[in-house]
Amino acid sequence: VSLSPQLCALMFSWIRASELTFELPDNAKQCFYEDIIIGTKCTLEFQVVTGGHYDVDCRLEDPDGTVLYKEMKKQYDSFTFTASRNGTFKFCFSNEFSTFTHKTVYFDFQVGDDPPLFPNENRVTALTQMESACVSIHEALKSVIDYQTHFRLREAQGRSRAEDLNTRVAFWSIGEAFILLVVSISQVLLLRSFFSDKKTTTTRVGS
């Protein structure tokens, strides 16, 4: 499997966020593992960027092998869960149902919640005006990052569809030109056969 990682791990001490874009060949399966502590809230989000019908199978299991999430031939989805036990959780993407086309898959796996912007943000007293403004800006910037990520994925998917369409149009144009050439040559040969002189053979009978 050819991987092109775009990993963003350990952004904060309380949250781990992993982003990865990788190629999933036909008849292949790729699994990833994450150690999670009990009670931690996690979110798995994925999207097929290129390939075939832009679908893939996804499966998420807890350390005991219990299936927490399973979807077949999904283009994109998001799943949030809370770890019920300590251990290594496994999530897999499968393209085993595809025979010819490989896929490019993006996923974002977030473990834990965002820490407070200020150490004493959860204090009883209200935040100051400056602190409230900083928190609002921080939340807005996080939304901007999410929107930018989704727009980049859509742009990559749209570019892939356009390139695929362009290839099909090019092959169709070449095929039409070849058929037109064959038909033109056939018509010329047919017309020549109509106007060509036929040679006749005469036989003399001697007396």
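A residue counts as buried when its relative accessible area is under 20%, and by this criterion aspartate 62, with a relative accessible area of 7%, is buried in the predicted model described here. Across the protein chain, buried residues make up 28% of the 207 residues, and the accessible surface comes to about 14,700 Å², of which 58% belongs to carbon and sulfur atoms.

The secondary structure of the protein chain consists of one helix and nine strands, which follow one another from the N terminus in the order β-β-β-β-β-β-β-β-β-α. Of the contacts between residues at least 6 apart in sequence, 68% join residues at least 24 apart.

The largest nonpolar core contains 24 residues, and those with the most contacts inside it are Phe22, Ile36, Phe91, Phe93, Phe107 and Phe109. Two or more residues of this core are contributed by each of the strands S2 (16–24), S3 (29–36), S4 (41–50), S5, S8 and S9 (103–111). For phenylalanine 93, when residues up to four places away in sequence are not counted, the contacts include Phe22 and Phe107, which are themselves listed with Phe93 among the core residues with the most contacts. Phenylalanine 93 also touches Leu24, Ala28, Phe32, Phe46, Val56, Cys58 and Val105, and its contacts further include the residues Lys29, Gln30 and Asp57.

Eight salt bridges are found in the structure. In one of them, the side chains of aspartate 62 and arginine 85 meet at an N to O distance of 3.8 Å. Aspartate 62 lies in the loop between strand S5 (56–61) and strand S6 (67–74), whereas arginine 85 lies in the loop between strand S7 (76–82) and strand S8 (87–94), so the pair ties together parts that are 23 residues apart in sequence. The two partners fall into separate accessibility classes, since aspartate 62 has a relative accessible area of 7% and is buried, while arginine 85, at 34%, is partly exposed.

A second salt bridge joins the side chains of glutamate 61 and arginine 59, with an N to O distance of 2.6 Å. Here glutamate 61 counts as buried because its relative accessibility is 14%, whereas arginine 59, with a relative accessibility of 28%, counts as partly exposed. In the helix, the side chains of glutamate 139 and lysine 142 form a further salt bridge at 3.6 Å, N to O; both residues lie in helix H1 (residues 129–195), three residues apart, which corresponds to about one turn of the helix. Glutamate 139 is partly exposed, with a relative accessible area of 40%, and lysine 142, at 22% relative accessibility, likewise counts as partly exposed. Through salt bridges that share partners, Arg59, Glu61 and Lys90 are joined into one network.

The UniProt annotation "transmembrane region", taken from an unreviewed entry, covers residues 169–191. Over residues 169–191 the chain is 100% helix and 0% strand, and the C-alpha atoms at the two ends are 33 Å apart. A nonpolar surface patch of about 370 Å² is made by Phe178, Ile179, Val182 and Val183. Among these patch residues, phenylalanine 178 is placed in helix H1, and with a relative accessible area of 57% this phenylalanine is exposed.

Notes:
Residues numbered from 1 in each chain as written. Predicted model: local features only at pLDDT ≥ 70, side-chain atom pairs only at ≥ 80, totals over all residues. Heavy atoms only, no water. Salt bridge = Lys/Arg side-chain N within 4 Å of Asp/Glu carboxyl O. Buried < 20%, exposed > 50% of the residue type's maximum accessible area, 1.4 Å probe, protein only. Helix = DSSP H or I, 4+ residues; strand = E, 2+ residues; numbered from the N terminus. Patch = residues over 30% accessible without salt bridge, like charges linked within 9 Å, V, L, I, M, F, W, Y side chains within 5 Å. Areas by Shrake-Rupley, 256 points an atom, 1.4 Å probe, with all protein chains shown as cover. UniProt positions renumbered as here; feature names shortened; annotations may be inferred. Core = buried A, V, L, I, M, F, W, Y, C linked by side-chain atoms within 4.5 Å. Contact = heavy atoms within 4.5 Å.
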